Amino acid sequence: MDNMSRTLAKARSGDGTLIAYEQWGDGPPVVLVGGPLGTAATDAPLAALLSARFRVVTYDRRGRGASGESGTYRVEREIDDLAAVIEETGGSASVHGMSSGGVLALRAAAAGVPVTQLSVYEPPFHPAVRPAQRPPEQVRRMRLLLAAGRRADALALFLTDAGTPPETLARMRGSALWEVLESVAHTLPYDHEVMGNGSVPTGLLGRVATRVMVVDGGASPPWTRDAARLVARALPRGRHRTLTGQTHEVAPHVLAPLLVDFLSA
């Protein structure tokens with residue numbers, strides 16, 4: 001298989017849901033886990049860069065793209081989804097997760113899913129949030145908007161809260177990208193479930209036995225970088241790296257060499 005070729009298939013999760021995935025290249029398996037609103041297509045640029053060294057698997061998380069969805073959402077079901085995809089690679093795999101996708105991967109590793117090594121980019125915990133705090137008001141508002149069928153408004157709320165400038169948001173509306181994002185906006189509460197209340201889950205992280213690299217961007221807000229360092233310190237085999245000049249929207253060509261070095265060790 002040449003580096004740019006792909007195969008498409010579906011894995012059956014524990015509750016019977018079919019999870020669509022793609023494989024790129026050949027070599028040791030690496031599964032990419034997307035963050036909020038991400039799909040297999042979102043991870044394609046990074047997958048293409050890594051496929052020269054690895055068999056890279058990208059997948060549509062539950063309820064997104066070509067993947068199915070059944071029953072009431074539970075984080076445990078998303079962990080089962082990732083386990084099913086890893087099983088398709090041969091039973092174990094390295095994993096890289098972006099944002100809340102990295103948190104999902106950490107939860108999966110803590111639950112015993114066979115993750116051989118793990119990289120996460122900017123898991124969006126907040127150092128100022130304490131375990132007993134309630135989730136932010138925006139989460140409740142988003143759920144209400146989605147319950148009322150107002151996906152576009154829920155998406156706009158999420159993007160605004162994430163720091164998207166009003167002029168950028170206005171340009172996005174009506175674009176092809178907006179349509180894609182709106183089609184998966186109903187899954188935003190799933191990522192909130194994965195995140196809990198946003199505090200650093202030191203107890204859970206202490207149960208992750210595999211080696212983990214926690215990466216942040218040098219141009220990201222200080223709280224993001226502080227959270228990455230806290231996560232790395234809480235992991236028994238954690239290490240921390242910073243990519244100079246990068247933000248949460250990390251450039252694949254900058255991230256890929258770091259992942260190659262870590263995952264090849």
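Contact, on this tour, means heavy atoms within 4.5 Å. The model you have open is predicted.

**Stop 1: the sheet**

Switch to cartoon view and colour the strands. You will find an open sheet of eight strands. Read across it and the order is E1-E2-E4-E3-E5-E6-E7-E8, with mixed pairing. Now pick out the edges: strand E1 (6-12) and strand E8 (238-243) each pair on one side only. From one strand to the next, the twist averages 25 degrees.

Next, select residues 93-98 and 115-121. These are strands E5 and E6, paired in the parallel sense over five bridges. Show His96 as sticks, then look across to E6 for its bridge partner, Ser119.

**Stop 2: Asp81**

Select residues 75-88, which form helix H2, and find Asp81 within it. Is Asp81 buried or exposed? Asp81 has a relative accessible area of 0%, so it is buried.

What does Asp81 touch, beyond its neighbours within four places in sequence? Its contacts there are Ser13, Ile19 and Arg62. Show the side chains of Asp81 and Ser13: they make a polar contact at 2.5 Å. Add Arg12 to the selection. Its C-alpha lies 7.7 Å from that of Asp81, although 69 residues separate the two in sequence.

Turn to Arg62. Asp81 forms a salt bridge with Arg62, and their closest N and O atoms are 2.8 Å apart. This pair links distant parts of the chain, 19 residues apart: Asp81 sits in helix H2, Arg62 in the loop between strand E4 (55-59) and H2. Arg62 is buried too, because its relative accessible area is 1% and the cut-off is under 20%.

**Stop 3: more salt bridges**

The whole structure holds ten salt bridges. Select Arg64 and Asp191 for another of them; here the closest N and O atoms are 2.8 Å apart. Arg64 belongs to the loop between E4 and H2, while Asp191 belongs to helix H8. They are 127 residues apart, and the pair links distant parts of the chain. Arg64 counts as buried at 1% relative accessibility. Asp191 is buried as well, at 4%.

Now move to helix H4 and select Glu137 and Arg140. Their salt bridge has its closest N and O atoms 2.6 Å apart. The two are three residues apart in helix H4, so about one helical turn separates them. Glu137 is partly exposed, at 41% relative accessibility. Arg140 is also partly exposed, at 47%. For a wider view, select Asp15, Arg62, Arg77 and Asp81: salt bridges that share partners join them into one network.

**Stop 4: the covered side of H4**

Stay on H4 and show Val139, Met142, Leu145 and Leu146, which are buried. Which side of H4 do they take? They cover an arc of only 125 degrees around the axis, so they lie on the same side of H4. Bring up H5 and helix H8 (188-195); what covers these buried residues includes both. Then step past the end of H4 to Gly149, which follows the helix and has a positive phi, near 80 degrees.

**Stop 5: two loop residues with positive phi**

Select Leu37, in the loop between strand E3 (29-33) and helix H1 (44-50). Its phi is near 70 degrees, a positive value in a residue other than glycine. Leu37 is buried, with a relative accessible area of 7%.

Go on to Glu122, in the loop between E6 and helix H4 (137-147). What is the phi of Glu122? The value is near 45 degrees, positive in a residue other than glycine. Glu122 is buried, with a relative accessible area of 1%.

**Stop 6: Thr164**

Finish in the loop between helix H5 (151-161) and helix H6 (166-172), where you will find Thr164. Show its side chain and the backbone of Leu159. The Thr164 side chain reaches the backbone oxygen of Leu159 at 2.9 Å. Leaving out residues up to four places away in sequence, Thr164 touches Leu159, Leu169 and Met172.

Methods:
Residues are numbered from 1 along each chain as its sequence is written. Side-chain values use heavy atoms; hydrogens and water are left out. Two strands pair if DSSP finds at least two bridges between them. Helices (H or I, at least four residues) and strands (E, at least two) are DSSP runs, numbered from the N terminus. Axes are lines fitted to C-alpha atoms, for helices over the stretch in contact, and angles run from 0 to 180 degrees between N-to-C directions. Buried means under 20% relative accessible area, exposed over 50%, partly exposed in between (1.4 Å probe, protein chains only). A polar contact is a pair of N or O atoms within 3.5 Å; within protein, one must be able to donate a hydrogen and the other to accept it, and residues adjacent in sequence count only if both atoms are side-chain atoms. The arc is that of the directions from the helix axis to the C-beta atoms. A salt bridge is a side-chain nitrogen of Lys or Arg within 4 Å of a carboxyl oxygen of Asp or Glu.
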